Amino acid sequence: MDFKKERTYVMVKPDGVKKGLIGEIIRRFEQRDLKIIALEMFQPTTEQIDNHYPKDETWIRRLGQKTLGTYEKYGIDPVEKLGTADDLELGKMVRGWLINYMVSAPLVRMVVEGVHAVDMVRKICGATLPYLADMGTIRGDYSADSPAVANSEHRAVMNLVHASETTTEAEHEIEHWFGNREVIFNYDRFQ
Ligand code: ADP
């Protein structure tokens, strides 16, 4: 394993594209000595996005539990608002919102390479929920979205960018989004 060549998968989400933040997002990775080795704008299909997000029950329940947590925190009744308090049902609902959101505009996909690329990119992006993300991160500097607002508008949290969470996830996502195509490049960066 060459630690300098760790790879991660990143997508600029619809709100990132529509806010004109493609350049700013890439700039922040490059500024931190990370290397863009594949880059493309494209319109995803619903099926591609559906296959991008995990389909296992544990992941879906986790998404539902997060929503339940938000509702509990703000004293909102999930049954009244969304018709159910079941984590699996809610998870499926949020997953559906996520798919609708992700196909609502073209996306920018890329492969980013460098020292601990997976963790570094996640750190540069900031916490999943923009209203909690630290200042100085992409999400903390350019978004204030929250699940309370998103859920009340029956949509996913818009957080500008997607980045793989682990090296295993990165491998799968790079394969899913770039496959066998010869669009991943090799070059040296000046340091
Ligand atoms: P990350 O994208 O940081 O890895 P997750 O895998 O937990 O985060 O969630 C996937 C995506 O689902 C998030 O990026 C966000 O857009 C959306 N999301 C997460 N939690 C919620 C929620 N409670 N309500 C609506 N959308 C959510």
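**Entry 1. The nonpolar core**

I looked up the largest nonpolar core of this predicted model, which has 26 residues. Met 11, Ile 49, Leu 98, Met 102 and Trp 177 are the members that touch the most others. I then listed the elements giving two or more residues to this core: the strands β1 (6–12), β2 (35–42) and β3 (107–114), together with the helices α4 (57–73), α6 (87–102) and α10 (167–178). Helix α6 supplies the largest share, eight residues.

I recorded the contacts of Met 102, leaving aside residues up to four places away in sequence. Met 102 touches Met 11, Lys 13, Pro 14, Pro 44, Ile 49, Tyr 53 and Leu 107.

I also found a second core, separate from the one above, with 21 residues. Leu 21, Ile 36, Ile 138 and Ala 163 are included in this second core. As background, I note that nonpolar side chains tend to be buried together in soluble globular proteins.

**Entry 2. Helix α10**

I checked the length of α10 against expectation. Its twelve residues should span 16 Å at 1.5 Å a residue, and the end C-alpha atoms are indeed 16 Å apart, so the two agree.

Which residues of α10 are buried? I noted Ala 170, Glu 173, Ile 174, Trp 177 and Phe 178. Viewed down the axis of α10, the buried residues lie within an arc of 105°, and therefore they line one face of the helix. The general background is that an α-helix has 3.6 residues a turn, so residues three or four places apart point the same way. On the face of α10 turned away from the buried side, I found the exposed residues Glu 171 and His 172.

I next asked what covers the buried residues of α10. The cover includes the strands β1, β2, β3 and β4 (161–163), and the helices α3 (46–52) and α7 (117–125). After α10 comes Gly 179, with a positive phi near 50°.

**Entry 3. Aromatic pairs**

I counted four aromatic pairs in the structure. In one of them, Tyr 9 and Trp 177 are stacked, with 6.2 Å from centre to centre and 0° between the planes. Because Tyr 9 belongs to strand β1 and Trp 177 to helix α10, this pair ties together parts 168 residues apart in sequence. Both Tyr 9 and Trp 177 are buried.

Tyr 9 also pairs with Phe 178: the ring centres are 6.2 Å apart and the planes stand at 70°, so this pair is edge-to-face. It too links distant parts of the chain, Tyr 9 in strand β1 and Phe 178 in helix α10, at 169 residues apart.

Why do I call Tyr 9 buried? Its relative accessible area is 0%, and buried means under 20%. Phe 178 is buried as well, because its value is 3%. I noted finally that ring pairs link Tyr 9, Phe 42, Trp 177 and Phe 178 into a cluster.

**Entry 4. Charges over rings**

I found the charged end of Arg 109 over the ring of Phe 178, 5.6 Å from its centre. Lys 35 lies over the face of Tyr 187, at 5.2 Å from the ring centre.

**Entry 5. Helix α7**

I turned to α7, where Ala 117, Val 118, Met 120, Val 121, Ile 124 and Cys 125 are buried. These buried residues pack against the strands β1, β3 and β4 and the helices α2 (22–31), α8 (138–142) and α10. Gly 126, just after α7, takes a positive phi of about 90°.

Note on methods:
Residues are numbered from 1 along each chain as its sequence is written. This is a predicted model: local features need pLDDT of at least 70, side-chain atom pairs count only at pLDDT 80 or more; totals for chains, interfaces and linings use all residues. Side-chain values use heavy atoms; hydrogens and water are left out. A nonpolar core is a set of buried Ala, Val, Leu, Ile, Met, Phe, Trp, Tyr and Cys residues joined through side-chain atoms within 4.5 Å. Buried means under 20% relative accessible area, exposed over 50%, partly exposed in between (1.4 Å probe, protein chains only). Helices (H or I, at least four residues) and strands (E, at least two) are DSSP runs, numbered from the N terminus. Contact means heavy atoms within 4.5 Å. The expected span of a helix is 1.5 Å times one less than its number of residues. The arc is that of the directions from the helix axis to the C-beta atoms. Rings of Phe, Tyr and Trp (its six-membered ring) pair if their centres lie within 6.5 Å; planes under 30 degrees apart count as stacked, over 60 as edge-to-face and the rest as tilted. A charge sits over a ring if NZ of Lys or CZ of Arg is within 6 Å of the ring centre and within 35 degrees of the ring normal.
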